[in-house]
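Me: I've got a model open and want to test the labels people put on helix pairs. Can you walk me through the reasoning?

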Amino acid sequence: MDSFKKFLPYYRYLKPVWWRFALGVLFGVLFSVSSGLGLPVMAETVFPVLFGNPEEAPAWLKVLVETWFGDDVQGGFLILCCLFLPFIMLLRAVGAVGNGYFITYTGIYVVQAIQIDVFKKVQGMPLAFFQRHKTGELIAAIMGYPRQIKQVLVNNSNDLVKQPLTLLSAVGFLIYKSFTSESFFTAVIGVLSIPIIIFPIRQIGRYLARRSRQLVVMGEALNSSTIETVQSPVEIRTYNLERQQNQRFIDQLSKIFRISMKSVRSSLIMSPLIEVVAATGLAFALFLGVRSGMEQGEFLALAVALYMAYTPIKKLGRVHGSLKMVEAPLERLEDILQAEESVPETLNPRVLDCPLRGVINFENVHFSYATGTPALQSINVEIASGESVGLVGKSGAGKSTFVNLIPRLFDPTQGRILIDGIDTRELSLSDLRNQIGYVPQMPILFNVSVIDNIRVGKEGASDAEIIEAARLANALEFIESLPDGFNTVLSERGNSLSGGQRQRIAIARAFLKDAPILILDEATSALDNTSDQLIQEALRRLSENRTTLIIAHQMGTLKDVSRRLFFKQGILVGDGSHEELMESNSDYIGLVNVENAVGQSD
Ligand SMILES: Nc1ncnc2c1ncn2[C@@H]1O[C@H](COP(=O)(O)OP(=O)(O)O)[C@@H](O)[C@H]1O
Ligand SMILES: [Mg+2]
C-alpha cells in the first residue's frame, strides 16, 4: 500500500484524458466479462434449450423468440442460440479494440506528459545540477522512466479497478453464506488462511524493489558508456579503446542480465505460491466443512467463491510486484522533479527600461562548489563600462568560476555581484543573460542550418542582420563557400566545421546579440595560428565599446589589454597593468617566466 501511495500523485497525469481512460477501463471490463461469458453460458443456458426442453429457456429468451419468431418457436430458438456465440465474440472484439485503443492513447499521453515535465525541469536547472547528475541518468529520466511509470499507471489499471471489486463480491458472498449456514461458517474458518499470503507477497515485493534499484543504477551506467562511445569517436580510435569499450559494455549487460533474471525469478514465483497457499486453504476448508456436515452443493459454492477471492489476490499480488519494480525509477524522477533550483528565478524582477552600460562590481564574493572546494574568496573588484580586462592565473585558479558567476550559472555563496549597481539577483534570468555575450573555448553548434545557428544570438533576427554579424565575425567567406552557404545544415555539435570556423560562428552570435558585457573564456586557446589571426581581429572588433572579460590561455593574446586581474588559488592577488604587476608581484613574474620558457622551447 505504501508503494501505491507514492504513486498516487502521478494519477494527476491522467486527468486531462480521464474520460478516455475510463472508457478504456470499461472496454477492458466488457472484454473480460464477455470472455468469461462464452462457454459457461453456452453450457448452462443454451445447450439445454437446444438439445433438451425449450421450456427450460430463461424468460427473457422466450420473450425474444415470441416477439421475433411468433409462429416458429423451435426455429427461433435455434437461430437465436446459434447467433449467441458470434454475438459474444463481437462484444469481446469491441471490448478488446476499445480497451487497446483508449489504454494506449492514455498511455502515450501520460508518458509524454511526464517527459515534458522532466525535460522542462532539466532545462531550468542550474549548471551545478548537471555536475551532480550523470548524462546517462538524465537520458534515462527523460526517455526511460516515464515509460515504466506509465506501465504501472495505465496497464495495471484494469486490474486495479476490477480485481478489488471481484474480491469484495466474493468475500461478501462468503460472509453472507456464513450467516445463513452453520457448516459453511465452519468451513470459512479455513479461508482465514488467506491473509497469510500477504507476507510472502510483501517479502517478494521488497526483494523486487531492491533489485530494481540495482537495475536502475546499472541501466544509467550503460547509458553513460553508450553516450561516451557515440560522443568520443576520436579519442576511442586514437587511444585504441575499442576493445576496452566493448568489454565494458558486455560486462555491464551481463550484470544487468543476471539481476534481471533474479527479479524475474521472484516475480514468477509469486502466482504459483499464492495458488499453493490457496489450495491448502481450500483443502482445510474441505476438511472442516465435511466434518461439520456440509453438502456437496454448498461445498461447490464455497470452492467457487474461494476461487473468485484468490484470483484477484493473485492479480493484485502481481500489480504489487510491478509497483515495487518501478519504485526505483520513481525515486529517480522525484529526485529530478523536486530538485531545488539553486539559481532561483527572481520573483519580482526589476524592469529594465534602458540598456545597461555594463559596469560590473564584485562585492566580497565567496564561492564554493557543491564538492566543498572553495573556488573564490573575498573578491572585491570593479570593472568600468566598456573596459577590457584580462584574467590571468594558473589553471584552476578560479578564472572561469569568476566569469560564470556573472550570468548566474552559479550564485555566490557569500557576497553579491552588481551590474550598473543592480544586484544580479534582482534581474530576471533572461534579462540578465541578455546583457552578456559569451564565447567559450569549444562552442557547441546545433543540428540546424548555419543561419539558424547564428540566429541563436538573437531571437527573430532578420537574415540581413545575420549576414552582417557573420561579416563582422570574419565568417562570411567560409560560410559562403559551404555547399549550401548559409542554409547548410550543420551536423550535430558542428563536427563538420573546423575549430576556428565554429569559433567564428560563436562570435557572429555574439555580434548579433550585441550585449554590453562580453565574456571570452579561452576563446582562442584551441586554435591554430592562421584562424587565430582572423579570430583575434573579429574579437577585437567585438569587444569595442563593451565591457569585456578575457580569459587567455597565453598572455600574448592580452597584448592590447591594459588591465589584468591575477588570480591565485581563488584569491585575487593582483590588479593592474602588465608592467605594474611585473614590478610588484613575484607570483606574476613567476607565471610570466614559466610561459616565456615554454614559448621559447616551442
Ligand atoms: N564543477 C566543479 N565542481 C567542483 N569543483 C570545480 C568545478 N569547476 C571547477 N572546480 C574547481 O574550482 C577551482 C577553480 O576552477 P576554474 O574556475 O575552472 O579555474 P580556471 O578557469 O582558472 O582554470 C579549481 O580548483 C577546480 O578544480
Ligand atoms: Mg577555465
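Me: What makes the crossing of α7 and α12 left-handed?

Reply: This is a predicted model, and in it α7 and α12 cross with left-handed geometry. The label applies if the near helix is turned anticlockwise from the far one by less than a right angle.

Me: Why are α7 and α12 called roughly antiparallel?

Reply: Helix α7 (residues 157–180) and helix α12 (residues 296–325) pack at about 150°, their axes 9 Å apart. Angles over 145 degrees count as roughly antiparallel, so α7 and α12 get that name.

Me: Which residues make up that contact between α7 and α12?

Reply: From α7 the list includes Leu160, Leu167, Val171 and Leu174, and they belong to a set that meets α12 residues including Ala305, Met308, Ile313 and Leu316. By class, the α7 and α12 contact splits into 15 nonpolar, three polar and three charged residues.

Me: How do you know that α6 is roughly perpendicular to α9?

Reply: The axes of helix α6 (residues 135–155) and helix α9 (residues 198–231) come within 7 Å and cross at roughly 110°. The window for roughly perpendicular is 65 to 115 degrees, so α6 and α9 earn the term.

Me: And what is the handedness of α6 passing α9, left or right?

Reply: α6 passes α9 in a right-handed crossing. Thr135, Gly136, Glu137, Ile139 and Ala140 of α6 meet α9 residues, among them Gly219, Glu220 and Ile227. That contact of α6 with α9 has four nonpolar, five polar and two charged residues.

Me: What does the packing of α3 and α4 look like in numbers?

Reply: Helix α3 (residues 59–68) and helix α4 (residues 73–124) pack at an angle of about 115°, axes 9 Å apart. The crossing of α3 past α4 is right-handed. Leu61, Leu64, Val65 and Trp68 of α3 touch Val73, Gly76, Phe77 and Leu80 of α4.

Me: What makes one residue of the α3 and α4 contact polar?

Reply: Gly counts as polar in this scheme, and Gly76 of α4 is in the contact. The tally for α3 with α4 is seven nonpolar, one polar and no charged residues.

Me: Which residues come nearest to ligand 1?

Reply: Of the 13 residues around ligand 1, Tyr369, Ala375, Lys399, Ser400 and Thr401 come nearest. Helix α14 (residues 399–405) gives the largest share of the shell, three residues. By class, the shell around ligand 1 has three nonpolar, nine polar and one charged.

How values were computed:
Residues numbered from 1 in each chain as written. Chains lettered and ligands numbered in written order. Predicted model: local features only at pLDDT ≥ 70, side-chain atom pairs only at ≥ 80, totals over all residues. Near = placed C-beta within 6 Å. Helix = DSSP H or I, 4+ residues; strand = E, 2+ residues; numbered from the N terminus. Axes fitted to C-alpha atoms, helices over the stretch in contact; angles between N-to-C directions. Parallel < 35°, antiparallel > 145°, perpendicular 65-115°, else oblique. Contact = placed C-beta atoms within 7 Å.
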